[in-house]
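The following exercises concern one structure and are to be worked in order. Each task is followed by a stepwise solution.

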Amino acid sequence: MIAEKANCSVAVVSTVLNSAKGRTVVCQALRDKVRKIAKELDYAPNFASRCLKANRSRTLGIYDPPKQWHSYSNQYEVSILSGIERAVFERNYDLLLLNFHQNNLPEICESRLKDRRIDGILLLQCDTRREWIRNLLKISPNLAAVDFNEEFPGLNRIAFDNRQAVRLAVETLLESGHRRIAFAGTCIEKPEYDSLVREKAFAEIVRERNLEETFLFHRDTCPNVISESEHYCQREGREAIRYLSALPRKPDAVICYNALAGGSLYYEALRMGYRIPEDFSLVVIDKPGFDHLGGPQIAYIDHPLDEMGYAGASRLIDQLENERETEPFFQLFSPVFVERETFLRRI
C-alpha cells in the first residue's frame, strides 16, 4: 500500500523503512515521501515476521546460577545489569531474565537457545567447576561471561584484573608512607575464585617487595568458623578487625578483599574506638554500594562493573551480527584507585 501511494517499488519501501542492506539506491526526497505515507497509514513492522526472516529474536538472555545471596537487588548485579541494559537499548535488542529467585537450573538456558527464543546468553557469576557451561557451548558459541576471570576454552569473557587491583592498592599505600599493611581476606571453606586470586596477589607482592611488617587475615588465621549460609562477608570484616587489633604491632593500613567486608570492618572498628584514617587507612577492592546514601566515603579500587556489563552485551551483539566465524573474545578491565576519606597520606 505504501509503495502504491508513493509510486515506487516494494524494494524501495523496504530499504527506507527497514534499513535493508540491498542494492536499491533511494534519493532523500523519495525517502521523506515514503516515511510520510507510512506515518499517515500508521505502519509498524511486524516483529515476529522480521525475526522469522532473519532467524533471530534480537533478544539476549541473562542467567545468574541459583546461589544463596545472589540477587538482582544487590549492588554487584545492579551495576552489571545497568551496563547491559544500556548496550541492548542502543542496539535495539531485548533482554530476557532466565533466573530471578526461581532457582532455575542451567537447563533453562539450553531450552531457550534451542527454541530460538534468545540469540545468546550473558552469564553472571558462573562457575567453571560445573559441566553445564560446556554443554551450552555445544549448542551455541554465543555466550559471554561477565566478570569471569578463569580461562575457559571457547567461552567469551569480560574480566577484571584482580592481581593488578591488589598490587595497585599496596603500591599506593607504600607510596603514601604506609609500612605495616594488612590484608583482610575471606574465611569460608570454599572461597570464590576471585577472592583467592586477590589473596595470592597480596602474598606475591609482599615477597617481591620484601615487606617485613605485613599481616594476612584469612581462613587459616580466623579464630571462628564462618559459614556460607550466613552473611559471611560482613562477618569476615568484623572478625578481621578483631584479629588485627589483638596483634602486638598494629597495621597502619588495611586492604579488604571486597567492599562488603570492608564496610563491616569499618563500622566494627569505629565501635571498638578506632579513628579512621588516623589510626589506619582503609582501602577496599570493589566500589562500596552505600557511599551515595550518606554512608562512609571508603577509599576503593574501582571494579567497573557497569562498563564490563556494557562491553559484554555490546561484543556479544557484534558477534551475533558478524556472519563470519570469529575467535572467542576476551577483554580485561584494569583497576583504578579512588581516594576517599578513609585514606591518609602519611608522607
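**Exercise 1. Determine how strands S8 and S9 pair, and place them in their sheet.**

Step 1. Strand S8 (residues 253-256) pairs with S9 in the parallel sense, over four bridges. Strands are DSSP runs of E with at least two residues, helices are runs of H or I with at least four, and both are numbered from the N terminus. Two strands count as paired if DSSP finds at least two bridges between them.

Step 2. Within this pairing, Cys256 has Val284 of S9 as its bridge partner.

Step 3. Helix H11 (residues 259-271) packs on the sheet and touches S6, S8 and S9; its direction makes about 155° with that of S9. Contact means heavy atoms within 4.5 Å. Axes are lines fitted to C-alpha atoms, for helices over the stretch in contact, and angles run from 0 to 180 degrees between N-to-C directions.

Step 4. The sheet is open, has six strands in the order S7-S6-S8-S9-S10-S12, and shows mixed pairing. Its edge strands are S7 and strand S12 (336-338), each pairing on one side only. On average, neighbouring strands of this sheet are turned by 20° against each other, direction ignored.

**Basis of the values.** This is a predicted model, in which local features need pLDDT of at least 70 and side-chain atom pairs count only at pLDDT 80 or more, while totals for chains, interfaces and linings use all residues. Residues are numbered from 1 along each chain as its sequence is written, and side-chain values use heavy atoms, with hydrogens and water left out.

**Exercise 2. Describe helix H9: which of its residues are buried, and what do they pack against?**

Step 1. H9 has 17 residues and reaches 25 Å from its first C-alpha to its last, close to the expected 24 Å. The expected span is 1.5 Å times one less than the number of residues.

Step 2. The buried residues of H9 include Asp194, Arg198, Phe202 and Ile205. Buried means under 20% relative accessible area, exposed over 50%, and partly exposed in between (1.4 Å probe, protein chains only).

Step 3. These buried residues pack against strand S5 (156-160), helix H8 (162-175), S6, strand S7 (214-217) and strand S9 (281-285).

Step 4. Just after H9, Asn210 takes a positive phi of about 55°.

**Exercise 3. Locate Lys190 and explain why it counts as exposed.**

Step 1. Lys190 lies in the loop between strand S6 (181-184) and helix H9 (193-209).

Step 2. Lys190 counts as exposed because its relative accessibility is 55%.
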